[in-house]
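Student: I have just opened this structure and would like a close look at a single part. Could you take one helix and walk me through its surroundings, and then show me the salt bridges as well?

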Amino acid sequence: MNDFNKKDDTYGELHIISTGEQSPETFVSIAEKINGYVGFFHIREKSWSDIQYMQTIELLHSKGIPLEKIMVNHRIHVANAMQVRGVQLTYQSIDVSVARKTYESLYIGCSVHSVEEAVSALQHGTDYLLYGHVFDSRSKPGVKPKGLDGLKQVAQHVSIPVIAIGGITPQNTPQIINHGASGIAVLSGVLLSSDPVAKAISYKHALRKGGKNEETV
């Protein structure tokens, strides 16, 4: 189990995104426990104030989570002020080309839903892509998923990491990796689990490059 605490290029990235259903304290408490298995923690809370974002970042850092593992959704000014790793841009955010020129030190991700959006984001300077939703997702009820073929098409058209999101489980994670993704993003699958640590380990096992699922929990 401890093998998964170590950074190893043979594993895809595990991104954990806050759910919008938990308090900052609950999110941080879980993040502290699963830190060793996670590549990045994303704070995505539309209802939170900038102050709540900043306080949560400070609390995460105080619990041993490095700033370079923290991503802020949309609020690029907060990401810059708190000197975290980067920002995840959405359709409501400033253009990625402006973000790239203005905040040169930030690691910038863009949410995309098609090959065209992916190629455009790459051309304008994004560092990685968040693509989905790949499978049916509780956060997108009634919306048709993009599917594995859509993921494969995007991965084949860009030269930067593609992180898949939406309905991802330890069981389907190997398919995700085999269709070109560099990693996965998970919300409730870990954070709302009755045993977040066991789930994080399960996802990390499933992320073995080559799609070898060795779930042990």
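Tutor: Here is a walk around helix α1, followed by the salt bridges. This is a predicted model, in which local features need pLDDT of at least 70 and side-chain atom pairs count only at pLDDT 80 or more, while totals for chains, interfaces and linings use all residues. Residues are numbered from 1 along each chain as its sequence is written, and side-chain values use heavy atoms, with hydrogens and water left out.

Let us start with the helix itself. Helices (H or I, at least four residues) and strands (E, at least two) are DSSP runs, numbered from the N terminus. Helix α1 covers residues 24–34, and its buried residues are Pro24, Phe27, Val28, Ile30, Ala31 and Ile34. Buried means under 20% relative accessible area, exposed over 50%, and partly exposed in between (1.4 Å probe, protein chains only). Seen down the axis of α1, these buried residues fall within an arc of 165°, so they line one face of the helix. That arc is taken from the directions from the helix axis to the C-beta atoms. On the face turned away from the buried side of α1 you will find the exposed residues Glu25 and Lys33.

Next, the cover. Among the elements over the buried residues of α1 are β1 (13–17), β2 (40–43), α2, α8 (188–191) and α9 (196–206). Now follow α9: its axis and that of α1 come within 9 Å and cross at roughly 50°. Axes are lines fitted to C-alpha atoms, for helices over the stretch in contact, and angles run from 0 to 180 degrees between N-to-C directions. Ile30, Lys33 and Ile34 of α1 make the contact with Pro196, Val197 and Ala200 of α9, where contact means heavy atoms within 4.5 Å.

Finally, the salt bridges. A salt bridge is a side-chain nitrogen of Lys or Arg within 4 Å of a carboxyl oxygen of Asp or Glu, and a search of the whole structure finds two. One joins the side chains of arginine 75 and aspartate 50 (2.9 Å, N to O). This pair links distant parts of the chain, 25 residues apart: arginine 75 sits in the loop between β3 (70–73) and α3 (76–82), and aspartate 50 in helix α2 (residues 50–62). Arginine 75 is buried, at 13% relative accessible area, whereas aspartate 50 is partly exposed at 30%. In the other, the side chains of arginine 100 and aspartate 127 meet (2.8 Å, N to O).
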